Structure formats: structure tokens, C-alpha cells
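Please consult the sequence and the three-dimensional structure shown here. A briefing on selected helices and strands accompanies them.

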Amino acid sequence: MSYSIQRVLIVDDDPIQCITLKIQLQTFGIDEVRVAQSSKHGLVICENQEFDLVFCDLSMPEEDGLTFLNSLKKQNYQGKLCLLSGHDKSIIALAEMMCSQLGLGVISSQSKPISNADLASVLNSVSQSTPCPKVSDNVIEFLRSDLDTAFDSNRLVNFYQPQCRFTNDTQSGNEVLIRWDHPEYGYLSPNAFLPIIDKEQWHVRLFFYVLEQALEDHRNGKLSGSISVNAALANFGDSNFAFQVLECCERYDFAPQNLIVEMTEMEVYKHNPTMFENFARLRLNDVELAIDDFGAGYSSLIKLADLPFTEIKIDRALITSCHCDKRKNAILSLVVSMAKQLGMRLVAEGVEDNETWAHLKSMGIDLCQGYFTGRPQPIEYKLMA
């Protein structure tokens with residue numbers, strides 16, 4: 001099997017491990033393999049060359065792999081990572097969580113030495129990652145007028161990430177993720193403009209900008225199935241919020257039962273009467289409500305019995321490596337059991353490889369969302385697929 005991987009970097013202080021892994025990679029047809037036996041050397045190489053995949057040992061003298069990974073993020077590394085370690089899985093899990101928070105793409109974590117079968121799985125996961133426009137996470141200071149102009153000139157662009165059924169591998173709908181198509185800096189993630197949204201209290205403006213763009217794409221036949229849109233706590237604090245949502249659905253001839261409004265777990269429990277009113281009015285009209293990033297907050301589970309949510313989206317921190325992590329697997333089993341008893345649909349976020357997909361499918365989780373089934377893409381990329 002051939003892999004769409006051109007350049008690989010190995011960062012490991014053990015020369016035998018480096019040579020062995022390099023030979024293994026060459027047997028898989030990957031010839032352009034660089035080796036760095038220290039964190040500092042690896043960073044120098046990455047400054048001058050781009051890589052599709054970096055293997056990083058966590059335990060190295062002088063500067064360990066964690067230091068390397070932090071510095072790699074500062075270099076805006078866009079490729080994939082495979083962590084190597086002989087340490088306890090709980091320590092590796094912490095490194096994975098660190099990478100997730102940094103926005104680094106960890107494909108897998110492997111014990112040393114890595115077997116040919118596990119290496120093939122890693123390479124296959126990297127190859128299955130479909131190309132998409134690069135989105136910068138660099139935080140650049142923008143003015144209110146910059147974002148105001150972006151709204152008015154339609155430079156804020158919806159990216160759509162597919163959600164697929166575990167039962168039959170078919171797509172059920174899309175989550176909408178907003179990006180700023182900046183004329184100078186390219187696609188920017190929300191990190192670049194959410195501080196302005198918060199400061200100017202433009203949450204309603206942003207929500208309906210995103211929603212109307214998605215409903216227009218659906219009306220024009222560019223999207224099918226359900227549409228999931230993220231809302232902030234401030235949206236639900238607006239007494240007209242539910243009315244406006246329903247008016248949009250009617251105007252674009254979109255069935256309300258196919259709309260899912262998402263809130264993060266940590267925002268769900270900041271109660272106020274207007275929020276309850278909006279929840280009730282949306283559910284009375286069949287709009288679905290989802291708890292996003294479930295497992296990342298510190299909320300009381302008893303609140304799930306009181307609030308009318310129809311969907312739980314499990315945070316990627318619980319999903320990553322769950323097929324080989326007993327602790328995560330135990331927690332997921334409880335979440336699956338609880339959701340089924342509450343009659344709530346489950347979505348697994350951050351699924352990036354076949355092993356995780358197969359494991360979650362066997363657990364009875366309903367929907368998959370992650371790079372394994374599709375990256376977030378603007379509508380023109382989806383139409384070309």
C-alpha cells in the first residue's frame with residue numbers, strides 16, 4: 001500500500017530506535033526521513049522544512065518531548081504527530097491532552113519500539129486526512145472596525161464538518177464552524193475574533209450570520225440533513241432569540257426539527273429565566289438542543305434531568321485513544337448508558353482513526369464527527385468532493 005506522506009521527522013535521543021524506525025518507514029515506501037536526536041535539533045530542522053508526520057519521544061535529556069511539542073506549536077506546525085514513550089499510559093494521556101489544548105494533531109501514541117502493524121495504522125491515519133484550507137490559530141490584534149467590515153463584506157465564512165452515523169456510515173448532517181477569510185492572513189479561527197465579539201456583545205449578530213448562511217446553502221441544495229450551530233450563553237439571554245430562530249427557519253423553508261443548537265457544557269448551567277424560556281420555546285417547536293464538549297466541564301449530572309437537551313457531544317479529550325485507555329473507556333461506558341436511559345443522542349467528537357471509530361461503534365454511540373469522516377470545509381470544497 002502506498003501512503004500520501006512525503007516527509008517524516010523522528011525526534012528521539014536513542015540512535016538505535018531512530019535507525020530502526022527509519023528503516024521501517026523506508027520499507028513502507030517513505031524515503032525522505034530526517035532524524036533529530038534532541039529537541040533543539042528537531043526544532044532547527046522544523047524551522048527549515050515542513051513535515052507531514054513527526055514521531056516524538058517524550059523522554060529525552062536536556063529538553064524533553066513536552067518542551068519540543070510546545071515549541072513546535074509556536075512554529076505553527078501543521079502536520080501530524082505520533083507520540084512515542086515507554087511510560088505509563090496515564091502520562092501519555094496527559095501529553096495528548098496538552099497537544100489537544102495546543103491544537104496539535106496527534107494521530108496516535110505508541111509504545112517503543114513500534115511494531116510494523118501499529119506503524120501501518122499510523123501511516124494510514126495520516127494518509128486518510130483529507131486536504132483542506134489551512135486555518136491559522138495565531139491570535140492577531142484586530143480592531144472593531146476590522147471585524148465590522150468582515151461582517152459587511154461577507155468575509156466570515158461557514159465551514160461545514162460532516163456528522164456520520166455509526167450504524168451505516170452515512171452522513172446525517174453537518175456542524176457549522178465559522179472562519180474569517182482575511183485578505184492578508186488567510187483563514188483565521190474564531191480565536192482571532194471572539195474577543196471582539198465578547199467585547200462588543202455581537203453574539204446575536206454572529207449567530208444569525210452563521211445560521212442564515214447555512215440555511216441559504218441548504219435551500220440552494222448545497223447541504224442536506226441536519227444543521228448544528230453553536231450558540232453562546234448571551235444568545236439565550238435575549239428574549240427574542242427563539243422567535244428569531246424560528247422566523248429564520250420559516251423564511252428559508254427549513255424544518256425546525258432538523259436544526260440543532262449547541263451550547264458548551266460549562267455554559268449550560270449558568271441559569272437565568274430567559275434562557276429557560278428560550279429552551280422551552282425552541283423545544284416546543286421541535287428545534288433540538290445539544291450539550292457540546294461534554295466531559296470537559298465540571299457540571300452536576302443531575303442538571304441533565306432538568307434541561308431539555310436531546311443530544312450530548314462527547315469532548316475529544318475523552319475520545320482520543322479511548323480504544324486503548326481503560327480509564328477513558330470506563331467513563332465512556334457510563335456516558336453511553338446514561339444517554340440511552342435519558343433518550344439522548346450521542347455524538348463523538350475528534351474521531352481521527354479507524355480503531356477509534358470501530359471501538360465507538362461497538363459501544364453504541366450514534367454519530368461520529370472528526371477528521372476520520374471529514375474535516376471542516378467551506379461549501380465550495382464540499383461541492384468539489
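The points below concern a central strand pairing and a helix in a predicted model.

Strand E4 (80-84) is mostly covered, with five of its five residues buried. Strand E4 pairs in the parallel sense with E3 and also runs parallel to E5.

**Burial of strand E4**
- On one side of E4, Lys 80, Cys 82 and Leu 84 are buried.
- On the other side, Leu 81 and Leu 83 are buried, so that both faces of the strand are covered.

**Pairing and connections of E4**
- Five bridges link E3 and E4, and within this pairing Cys 82 of E4 is the bridge partner of Phe 55.
- Helix H3 (residues 65-74) forms a right-handed β-α-β unit together with E3 and E4.
- E4 and E5 are likewise joined by five bridges, and Lys 80 stands opposite Gly 105 in E5.
- A right-handed β-α-β unit is also made by E4, helix H4 (residues 89-102) and E5.

**Helix H5**
- Helix H5 comprises 12 residues (residues 116-127), and its end C-alpha atoms lie 16 Å apart.
- This agrees with expectation, because 1.5 Å a residue gives an expected span of 16 Å for this helix.
- The buried residues of H5 are Leu 119, Ser 121, Val 122, Leu 123, Ser 125, Val 126 and Ser 127.
- These buried residues pack against strands E3 (53-57), E4 (80-84) and E5 (105-110).
- They also pack against two helices, H1 (15-27) and H15 (354-363).

How values were computed: Residues are numbered from 1 along each chain as its sequence is written. This is a predicted model: local features need pLDDT of at least 70, side-chain atom pairs count only at pLDDT 80 or more; totals for chains, interfaces and linings use all residues. Side-chain values use heavy atoms; hydrogens and water are left out. Helices (H or I, at least four residues) and strands (E, at least two) are DSSP runs, numbered from the N terminus. The expected span of a helix is 1.5 Å times one less than its number of residues. Buried means under 20% relative accessible area, exposed over 50%, partly exposed in between (1.4 Å probe, protein chains only). Contact means heavy atoms within 4.5 Å. Two strands pair if DSSP finds at least two bridges between them. A crossover is right-handed if, with the strands pointing away from the viewer, the path from the first strand over the helix to the second runs clockwise.
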